[in-house]
Amino acid sequence: MGWLDRLGQGLAKTREALRSSFERLIEAGPDPATMEELEAALLSSDLGVRVVDRVLGRVRGESGRGATARDLRIAVHRCLKEVLEPVQELPIERSLEQAPPPFVILMVGVNGVGKTTSLAKLAQRLSQSGKKTLLVAGDTFRAAAIEQLQVWSDRINLPLIRHQPGADPAAVAYDGIAAAKARGIDVVLIDTAGRLHTKTNLMEELRKIKRVVAQALPGAPHEVLLVLDATVGQNALAQARQFHEAVGVTGLVITKLDGTARGGILVAIAEELKIPVRLIGVGESVEDLQDFDADAFVQAILPLNPSA
Ligand code: GDP
């Protein structure tokens, strides 16, 4: 199965949630009841109030001009793409070319969002594209997190820098960078803790890791990637705000878009925070994590040829 099919399949729940209200709109035209139904469907997909207002405005405008069903879909497509295109980025491999190695990526996010898995999938991809890749087990808070990364390191055959559980994560990160410099590594991926119940300490800890990484290698970390779980809806937006304020997020990884009808949250986050969406996840396998493409995403949630 190709990526577009995976994306389409992964976003099926979100697409289904929008389908019937669009069909009704096309059958019945923009009467008040249909517009209300459309508004409810758009809101429940978590597109966010501002984007929904904009979409409804376009639909009204186009309908007033006697638009066909296809015109309406094209207008909504355009509207969503206007929000999403600015957050689409070149593949991360291109960023690697812009700084002398090692390129340092700090992965942050709360527990359970898919941070470790995404880190490993990205590491595997970079390694397969010929980059010497090093993993760093910066979540020293949970012994299981270190072990989980060890399992990945064995599975994808990449070196791992780890300390004992309870060690200072900034010290592990520092060692990771030192090892990377000594071994001629191209890219370092640093896992971090994501415990929720001590959020202030967590943000302090992440700030310290970032500082120490910058001391170990000026200009690093080159990317701070925040991993968000799409299934938590608006909560993901709250997390994004918090992490961004604390550590300055440079890119997002939005996972589990396959597990939710609320895939519109990606649009709401893009609209509010305007942080590049680097990768999206629509399943558990390695092929399910890919670069974000605004056009493909919109096409997957609202196909222009729904019967095709
Ligand atoms: P962490 O605590 O943030 O490091 O989370 P993990 O990397 O351990 O992932 C938690 C679970 O989410 C694992 O079972 C992953 O396989 C799963 N997962 C990660 N990304 C996706 C995705 O895009 N879709 C689905 N369905 N599951 C995912």
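The questions and answers below look at backbone details in a predicted model.

Visitor: Which peptide bond comes just before β1 (103-108), in the loop where P102 lies, and is it cis or trans?

Guide: P102 belongs to the loop that runs between α6 (92-96) and β1 (103-108). The bond that joins P101 to P102 has an omega near 0 degrees, and the peptide bond from P101 to P102 is cis.

Visitor: What is the omega of the peptide bond from A220 to P221, and where is P221 found?

Guide: For P221, the place to look is the loop between α10 (199-216) and β5 (223-229). The peptide bond that leads from A220 into P221 is cis, and its omega is near -5 degrees.

Visitor: Is D46 buried or exposed?

Guide: D46 sits in the loop between α3 (32-44) and α4 (49-64), and its phi, near 70 degrees, is a positive value in a residue other than glycine. A residue is called buried when its relative accessible area is under 20%. The relative accessibility of D46 is 4%, and therefore D46 counts as buried.

Visitor: Is K274, in the loop between α12 (265-273) and β7 (277-281), buried or exposed?

Guide: K274 is a residue other than glycine with a positive phi, near 55 degrees, and its loop joins α12 (265-273) to β7 (277-281). The word exposed is used for a relative accessible area over 50%. Because the relative accessibility of K274 is 58%, K274 counts as exposed.

Methods: Residues numbered from 1 in each chain as written. Predicted model: local features only at pLDDT ≥ 70, side-chain atom pairs only at ≥ 80, totals over all residues. Heavy atoms only, no water. Helix = DSSP H or I, 4+ residues; strand = E, 2+ residues; numbered from the N terminus. Buried < 20%, exposed > 50% of the residue type's maximum accessible area, 1.4 Å probe, protein only.
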